[in-house]
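Reader: I would like a close look at one side-chain contact and at the parts of the fold around it. Please keep to what can be computed from the coordinates.

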Amino acid sequence: MTAPPTGSDGVPRRSPLHAEHERLGARFVDFAGWTMPVRYGSDVAEHTAVRTGAGIFDLSHMGELEVAGAQAAAALDRALVGNLSALRVGGARYSMICADDGGVIDDLVVYRLADDRFLVVANASNAGVVAAELSGRADGLDATVDDASARWALIAVQGPRSARILAEVVEGGADEVDPLRYYSWHAARGAGVDVLLARTGYTGEDGFEVFADAERAADVWRALMAAGQGHGLVPCGLAARDTLRLEAGMPLYGNELSREVTPYEAGLGRVVKLDKAGDFVGRAALAARADRPLERTLIGLTSDGRRSPRAGQDVIADGEPVGRVTSGAPSPTLGHPVAMAYVPPDLATPGTSLTVDVRGSAEPVRVVELPFYRRAR
């Protein structure tokens, strides 16, 4: 089954944590069929808290799809571009589901919960489509796909102090939290609630994502907020999440990724495993794309000016449009505008000077390597 993007009356769905956000004074926005916090106070303050201390996010709008059965791994190998049968229990992997022509339907994170059970996390706007695609691609195999989105809540704690905060909430403390490797998960218990604790995130910082039963999520949220008081923890909305992922050069579906883009143009060809056993949807098109030069590629752009390029604006070279900005904003961390854009490969060399048509004004930009920001290790 697939969960509708909105309630049966057409009203956007609410997170299980909606009342918590109201108490914190959040301002809300309708996003992908959900009413979600866009900010609580200052976008820049929330962003900076994640870079210097810690921020807490409600990600309960994301789709959680459970794939189970003796051939669950084979079903995911057929459905996704990655080699999920090689993923160990306790591991997580970034992957994509593509169409026959190689276009990206969605980018995903897959967690292997057991030999015969996986959790696939999809973008909110695509959860229903991904559930339907996974079900269709599992046809004939001993595997079932269950859209469990309504049963899960997802909370992220991101930032250099995130491990210390989790250690105060999770039973077992730092001994349970610190050994967890990047892109790994394990079962834990915090605030009296059984949770799935993963060291994953979408901000470019060290951090954790906590999956909990939707009915008990508020207990977990409040415990994390209380533990974070001494560590500078700040509740953060979608606006800060977007500037954080942009600084980290992380793609956003609908901006950098779409049905018109393959993983190769997006610089993510590494997730496509053409050498895995068996066929998968989109393999022929992706193999052909891998063997020929790209017509466009994703680049980073920076500017010394004050006017930031924005999504949809034209990138100009020698007076002619040569590409389009996919995401752009002032960078709170770096202090100047940053953007991502698709351009022909011969214009992708770092240091190349271009301009962007920012509301009729030609703003100088230069090409830089992605990501714009890397945290200190």
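Is Arg 51 buried or exposed, and what is its relative accessible area?

Author: The model is predicted, and in it Arg 51 is buried, with a relative accessible area of 10%. That value counts as buried because the limit for the class is under 20%. Its charged partner is Glu 247: the two side chains meet in a salt bridge, with 2.9 Å from N to O. The two residues come from distant parts of the chain, 196 residues apart, with Arg 51 in helix 2 (residues 43-52) and Glu 247 in helix 8 (residues 238-247). Glu 247 is buried as well, at 1% relative accessibility. Both ends of this salt bridge therefore count as buried.

In general, side chains of opposite charge can pair when their charged atoms come close. The whole structure holds 20 salt bridges by the search, and two others serve for comparison.

One of them joins Glu 363 and Arg 307, at 3.7 Å from N to O. Glu 363 sits in strand 20 (residues 361-368), while Arg 307 belongs to the loop between strand 15 (297-302) and strand 16 (314-317), so the contact ties together parts 56 residues apart in sequence. Here Glu 363 is buried, at 12% relative accessible area, but Arg 307 is partly exposed, at 30%.

Another is local. Glu 20 and Arg 23 form a salt bridge in which the closest N and O atoms are 2.4 Å apart. Both residues lie in helix 1 (residues 18-23), with 3 residues, about one turn of the helix, separating them. An α-helix has 3.6 residues a turn, so residues three or four places apart point the same way. Burial differs across this pair: Glu 20 is buried at 8%, whereas Arg 23 is exposed at 58%.

The Glu 363 and Arg 307 pair has already shown one buried and one partly exposed partner. Shared partners, in turn, join Glu 20, Arg 23, Arg 216, Asp 219 and Arg 222 into one network of salt bridges. Helix 7 covers residues 217-228; its 12 residues reach 16 Å from the first C-alpha to the last, close to the 16 Å expected at 1.5 Å a residue. Ala 217, Ala 218, Val 220, Trp 221, Leu 224, Met 225, Ala 227 and Gly 228 are the buried residues of helix 7.

Back to helix 8, the element that carries Glu 247. This helix also takes part in a pocket. The second largest pocket holds about 340 Å³ of space. It is lined by 19 residues, and those closest to its centre are Phe 31, His 61, Leu 238, Arg 241 and Leu 252. Two elements give two or more residues to this lining, namely strand 2 (27-31) and helix 8. Helix 8 supplies the largest share, 4 residues. By class, the lining divides into 10 nonpolar, 5 polar and 4 charged residues.

The largest pocket holds about 1100 Å³. Of its 41 lining residues, Tyr 94, Tyr 182, Tyr 183, Met 250 and Pro 251 lie nearest the centre. The lining comprises 25 nonpolar, 6 polar and 10 charged residues. Strand 6, strand 7 and strand 8 each supply at least two of the lining residues, and strand 7 gives the most, with 4.

These three strands are linked by pairing. Strand 6 (residues 92-98) runs antiparallel to strand 7, with 7 bridges; Met 96 has Asp 107 of strand 7 as its bridge partner. The two form a hairpin with 5 residues between them, and Gly 102 in the turn has a positive phi of about 90 degrees. On to strand 8 (residues 117-122): it is antiparallel to strand 7, with 5 bridges, and Leu 119 in strand 8 is the bridge partner of Tyr 111. This second hairpin has 2 residues between its strands. Strand 7 (residues 104-114) is mostly covered, with 10 of its 11 residues buried.

Methods. Residues numbered from 1 in each chain as written. Predicted model: local features only at pLDDT ≥ 70, side-chain atom pairs only at ≥ 80, totals over all residues. Heavy atoms only, no water. Salt bridge = Lys/Arg side-chain N within 4 Å of Asp/Glu carboxyl O. Buried < 20%, exposed > 50% of the residue type's maximum accessible area, 1.4 Å probe, protein only. Pairing = 2+ DSSP bridges. 1 Å grid on protein atoms, 1.4 Å probe; cavity = no way out; pocket = protein on both sides within 12 Å on 5 of 7 lines; lining within 4 Å. Points joined across faces, edges and corners; volume = space filled by probe spheres on them. Nonpolar A, V, L, I, M, F, W, Y, C, P; charged D, E, K, R; others polar. Expected span 1.5 Å × (residues − 1).
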